[in-house]
2 protein chains.
Amino acid sequence: MNYFSLAANHKLKHIINNLIKMADGSSEALAPTEARGCPGIACLALKRLVVGFVMKVWNFLNKAWDLGHSDPRKVIHCLKVGMALTVVSLFYYMRPLYEGVGGNAMWAVMTVVVVFENTVGATLCKSINRICGTFLAGFLAIGIHWIANRSGKEFEPIITGISVFLLASAATFSRFIPSVKARFDYGAMIFILTFSLVSVSGYRVDQLFDMASQRILTIIIGTSLCVVITMIICPIWAGEELYVLITRNMDKLANSLDGCVADYFNDSGGFAGSDKESDKKLLGYKCVLGSKGIEESMANFARWEPAHGRFNFRHPWKQYLKIGASMRDCAYCIEALNGCVSSENKVSELTKKHISNIAMKVSSDSSTVIKELAKTMKTMKKSTAIDLLVGEMNNAVLDLQEDLKSLPNLFINPQPQLPQESDDCPENNNTKAEAEAVALMDIIPLVTLASLLIEIVARIEGMVGAVQELAELAEFKAAGDRKANQNQTTNKVVPDQHALRRV
Amino acid sequence: MNYFSLAANHKLKHIINNLIKMADGSSEALAPTEARGCPGIACLALKRLVVGFVMKVWNFLNKAWDLGHSDPRKVIHCLKVGMALTVVSLFYYMRPLYEGVGGNAMWAVMTVVVVFENTVGATLCKSINRICGTFLAGFLAIGIHWIANRSGKEFEPIITGISVFLLASAATFSRFIPSVKARFDYGAMIFILTFSLVSVSGYRVDQLFDMASQRILTIIIGTSLCVVITMIICPIWAGEELYVLITRNMDKLANSLDGCVADYFNDSGGFAGSDKESDKKLLGYKCVLGSKGIEESMANFARWEPAHGRFNFRHPWKQYLKIGASMRDCAYCIEALNGCVSSENKVSELTKKHISNIAMKVSSDSSTVIKELAKTMKTMKKSTAIDLLVGEMNNAVLDLQEDLKSLPNLFINPQPQLPQESDDCPENNNTKAEAEAVALMDIIPLVTLASLLIEIVARIEGMVGAVQELAELAEFKAAGDRKANQNQTTNKVVPDQHALRRV
């Protein structure tokens with residue numbers, strides 16, 4: 001199948017290339033003779049237009065092909081929609097079904113088109129919103145219709161009109177309120193729609209109650225079909241998507257933190273295997289910077305989903321947003337670090353070497369902590385090693401600070417191999433100060449890098465806190481003799497964390 | 001009117017407070033007698049439940065009131081929706097109108113509910129999508145219905161079913177393609193909806209062409225009504241919103257950059273007038289960090305809008321996204337700066353004083369540049385001063401670097417007022433080195449602050465570039481003798497910008 005499509009792909013490319021050549025050839029042929037009259041030019045222009053159009057369509061199809069190829073679940077989703085629509089069409093094709101819903105089959109088709117979404121959560125959210133909104137609005141509209149009906153033919157349109165105006169305005173306003181917008185936006189829209197339709201139709205339709213109940217029935221049929229199909233055939237769970245997004249972003253964050261520092265000290269030696277690959281790895285944190293919107297919508301939909309896979313119905317999805325926010329806090333600093341590091345600074349290799357080992361240890365320890373957090377989330381088991389790793393990371397920070405303290409020695413005695421140069425005449429102080437000034441300028445990027453690393457470590461602790469909170473809320477199981485291990489490591493290696501920030 | 005509502009507000013609060021007291025009073029009365037039997041407890045529980053419910057509703061209404069109070073345009077939008085629905089209801093109330101559209105008035109009502117959006121751009125986008133999607137799908141469906149009709153009663157449902165399956169799947173897939181999703185998402189959905197409805201109804205409805213044309217007519221009536229009302233009564237333009245958002249965010253960015261640095265050096269002296277106010281000002285940059293989503297959707301809608309106010313039809317809205325991105329780049333660094341600055345570091349006031357003036361000059365110069373950019377956008381005139389201001393900012397950065405160079409002097413001679421302490425015995429070198437180590441640790445936060453400031457300045461230049469590009473694209477007018485002025489200032493004060501980054 002794949003081979004076949006590749007071959008077809010290749011053939012189509014060939015045809016299009018020929019077309020382009022034809023168009024080019026005719027334009028080249030035209031050049032020497034300069035003008036063949038209007039029809040020739042028009043023909044050429046038409047040809048170019050057609051080729052341009054074909055090229056555009058070709059590019060579009062190519063893009064679509066890549067999209068489907070990279071995420072086949074999208075293709076499956078499309079087939080699911082097609083299937084649901086074909087099934088719901090049976091209400092038209094089969095007479096007993098069509099008459100069963102009194103010719104209101106249209107609403108079932110409409111419901112399927114509007115409600116069927118990519119994830120189970122989104123479909124459920126829309127389905128429940130649609131059913132509740134329709135019910136509520138239907139009952140209200142029938143009530144008001146009853147009142148309006150009693151007050152005579154003259155007042156009926158006035159009462160109905162005023163009620164439509166007031167309720168539609170109020171429901172529209174409710175859509176601006178954040179808590180409503182997040183969960184019931186679609187429901188509010190359906191409320192307005194149903195209320196207006198039912199209460200206004202009442203003026204023309206005789207058996208309003210029958211109509212309303214049949215519509216509700218068709219809507220229930222349509223939503224049920226959607227929910228069943230979306231949950232049974234290759235379901236895409238919003239919760240699972242959120243979970244995968246967060247853990248994958250954690251890995252990206254770890255890789256780019258590590259890569260960024262290593263890249264700075266190695267300077268394209270060792271780390272940068274293939275340029276594009278390493279660049280992609282380095283800039284992984286950029287995904288974290290812009291992931292707020294998708295995380296929020298996924299968390300919103302995940303709350304509607306029943307228990308699935310390893311997640312309960314009341315899995316603390318909101319906590320994932322906190323983890324995401326703490327990751328972004330960290331990514332902001334990596335972005336600043338990346339900016340400072342990639343600016344054209346000239347630090348001598350000697351000075352770099354002085355803290356390179358320890359700085360790389362801090363970054364690799366930090367990224368180990370992040371990877372451990374990702375592992376905690378992937379296995380859904382409380383980590384036994386996290387306290388130990390955090391302690392190690394903090395120790396590395398302390399060592400980094402020690403090394404920073406010893407930097408002045410480096411530039412007081414810039415050539416430690418020549419101790420005979422120790423001068424003790426006060427006039428030399430000036431030139432020494434100058435040398436030191438140069439040396440200080442030399443270490444500024446290093447100092448910045450170090451203090452940003454320290455800030456990043458502090459923010460990683462925020463991530464650790466958020467993940468541990470998730471572990472409590474979601475009742476992750478302990479792995480082995482966690483308690484004892486934890487106490488031991490906490491007492492042994494975790495240094496005073498406040499001291500770390502007093503750099 | 002306002003006074004009246006305030007009084008009503010007050011009265012309602014009083015009633016609710018009484019209710020709460022009543023419930024509390026009965027619970028207190030209950031305590032000594034311990035038990036009055038089941039009915040008493042049930043009554044109490046019911047009371048508490050009611051009070052809790054009333055409180056919740058009250059809080060919700062309060063929030064809604066605040067929302068409407070803070071942005072009255074939202075209330076106006078709601079009234080507009082109500083009005084549009086009431087007007088479109090006339091198609092039901094007036095017999096000639098109702099018969100004119102052959103009882104398809106429902107589609108006009110539905111269109112109004114679904115298409116009416118907060119901004120003109122969004123309404124236009126949905127309207128055009130709806131009309132085009134309906135047209136395209138209608139014609140296609142009628143064509144396929146005609147073919148299916150010819151092939152006999154047996155094959156009709158099969159041909160229709162397959163065509164629905166294929167076209168619905170393809171259209172659903174197209175909604176995943178980013179370029180389609182951004183502009184034609186709603187149109188694709190309407191395409192699926194109309195195609196399914198028309199081609200499937202064809203099996204039951206006799207005069208399909210009449211039905212389709214009447215539905216298209218009602219949809220055009222509905223969308224026209226929405227577009228007219230949204231554009232005439234207090235229009236909210238997506239473009240204007242985007243423009244205001246960007247300029248306001250620029251001001252916020254400038255204020256928080258300035259405030260952040262001033263706050264650090266002043267340490268709650270002078271700057272922090274009222275705490276809440278200054279905190280809000282300091283954290284203004286947070287708005288910039290999270291504004292990507294809203295900017296993108298506004299820019300998307302703005303492209304559909306006709307010329308309005310000072311904006312042409314083809315105003316380069318996309319450039320605003322670039323400006324927004326450059327602002328976010330800047331905000332990331334301010335976030336890191338804020339983190340480093342607010343961590344518990346202890347820098348002696350003496351050391352701080354050494355670079356406080358110049359650092360504050362850099363920050364105030366930078367924020368002046370940002371404010372000038374905001375002014376350029378507000379007035380839509382090319383700034384005459386921007387090059388001068390950028391030059392000044394860069395000069396301040398050079399001065400900052402000079403001052404950093406002189407920092408070593410400070411910690412070689414920590415007490416400049418006691419020059420007799422100059423020691424010249426080599427044994428003293430060790431203690432001096434220790435003192436210097438402490439002093440270096442002392443200046444680390446300052447160095448970090450300085451180099452982040454320098455990075456921020458580099459990123460502000462990115463903002464300047466983006467705004468100037470906008471000025472070219474949107475053909476902002478020059479203010480006065482811009483050209484001459486620019487050349488003069490460029491030659492005079494702008495230092496080598498690459499040198500600045502080589503700190």
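Is Ile216(A) buried or exposed? In this predicted model, Ile216(A) has a relative accessible area of 16%, and because buried means under 20%, the residue counts as buried. Ile216(A) sits in helix H9 of chain A, a helix that covers residues 208–232. Once neighbours within four places in sequence are set aside, Ile216(A) is in contact with Thr134(A) and Phe135(A). Another residue to look for is Ile131(A): it lies 85 residues away from Ile216(A) along the chain, yet the two C-alpha atoms are separated by 7.5 Å.

These residues also invite a look at the annotated segments. The unreviewed UniProt entry places the feature "transmembrane region" at six stretches of chain A, namely residues 75–93, 105–124, 131–149, 155–174, 186–204 and 216–238. Two of these stretches can be followed in the model. Residues 131–149 of chain A are 100% helix and 0% strand, with 26 Å between the C-alpha atoms at the ends. For residues 216–238 of chain A, the helix share is 78% and the strand share 0%, and the end C-alpha atoms are 27 Å apart.

A wider view of chain A helps to place these details. Chain A contains 20 helices and 2 strands. It has 503 residues, and 49% of them count as buried. Among the contacts in chain A with a separation of 6 or more, 82% are made by residues 24 or more positions apart. The accessible surface of chain A amounts to about 24300 Å², and carbon and sulfur atoms hold 61% of that area.

The interior comes next. The largest nonpolar core is made of 138 residues, and the residues with the most contacts inside it are Met250(A), Leu253(A), Met250(B) and Leu253(B). A second, separate core has 84 residues, including Ala141(A), Trp107(B), Phe116(B) and Phe195(B). What does Met250(B) touch, leaving aside its neighbours within four places in sequence? Its contacts are Ile323(B), Met327(B), Ile370(B), Leu373(B), Ala374(B), Met377(B), Met463(B) and Val467(B).

Nonpolar residues can be found on the surface as well. Met83(A), Val87(A), Leu90(A), Met94(A) and Leu97(A) form a nonpolar patch there, and together they have about 360 Å² of accessible area. Helix H3 of chain A, residues 72–93, gives the most to this patch, with 3 residues. Leu97(A) belongs to helix H4 of chain A, which spans residues 95–100. With a relative accessibility of 33%, Leu97(A) counts as partly exposed.

Charged side chains add another layer to the picture. Over all chains, the structure holds 24 salt bridges. One of them joins Arg73(A) to Glu241(A), whose closest N and O atoms are 2.8 Å apart. This pair links distant parts of the chain: Arg73(A) is in helix H3 of chain A, Glu241(A) is in helix H10 (residues 238–266) of chain A, and these positions lie 168 residues apart in sequence. Arg73(A) is partly exposed at 36% relative accessibility, and Glu241(A) is partly exposed too, at 23%.

A salt bridge can also join residues within one helix. Glu455(A) and Arg459(A) form such a pair, with 2.9 Å between the closest N and O atoms. Why are Glu455(A) and Arg459(A) separated by about one helical turn? The two residues are 4 residues apart in helix H18 of chain A (residues 428–473), so about one helical turn separates them. Both Glu455(A) and Arg459(A) are buried.

In chain B, the side chains of Lys322(B) and Glu469(B) meet in a salt bridge, at 3.6 Å from N to O. Lys322(B) lies in helix H14 (residues 317–342) of chain B and Glu469(B) in helix H18 (residues 428–473) of chain B, so the bridge ties together parts that are 147 residues apart in sequence. Lys322(B) is partly exposed, with 47% relative accessibility, and Glu469(B) is partly exposed, with 36%. Salt bridges also link residues of both chains into a network, made of Lys286(A), Glu335(A), Glu455(B) and Arg459(B).

A last residue to find is Lys181(A), in helix H8 (residues 178–201) of chain A. Lys181(A) counts as partly exposed, at 47% relative accessibility. Its C-alpha atom is separated by 56 Å from that of Glu349(A), which is 168 residues away along the chain.

How values were computed: Residues are numbered from 1 along each chain as its sequence is written. Chains are lettered from A and ligands numbered from 1 in the order in which they are written. This is a predicted model: local features need pLDDT of at least 70, side-chain atom pairs count only at pLDDT 80 or more; totals for chains, interfaces and linings use all residues. Side-chain values use heavy atoms; hydrogens and water are left out. A nonpolar core is a set of buried Ala, Val, Leu, Ile, Met, Phe, Trp, Tyr and Cys residues joined through side-chain atoms within 4.5 Å. Buried means under 20% relative accessible area, exposed over 50%, partly exposed in between (1.4 Å probe, protein chains only). Contact means heavy atoms within 4.5 Å. UniProt positions are given in the numbering used here, feature names are shortened, and annotations may be inferred rather than shown by experiment. Patches are made of residues with over 30% relative accessible area and no salt bridge: like charges are joined within 9 Å, nonpolar side chains (Val, Leu, Ile, Met, Phe, Trp, Tyr) within 5 Å. Accessible areas come from the Shrake-Rupley method with a 1.4 Å probe; for residues, only the protein chains shown count as cover. A salt bridge is a side-chain nitrogen of Lys or Arg within 4 Å of a carboxyl oxygen of Asp or Glu.
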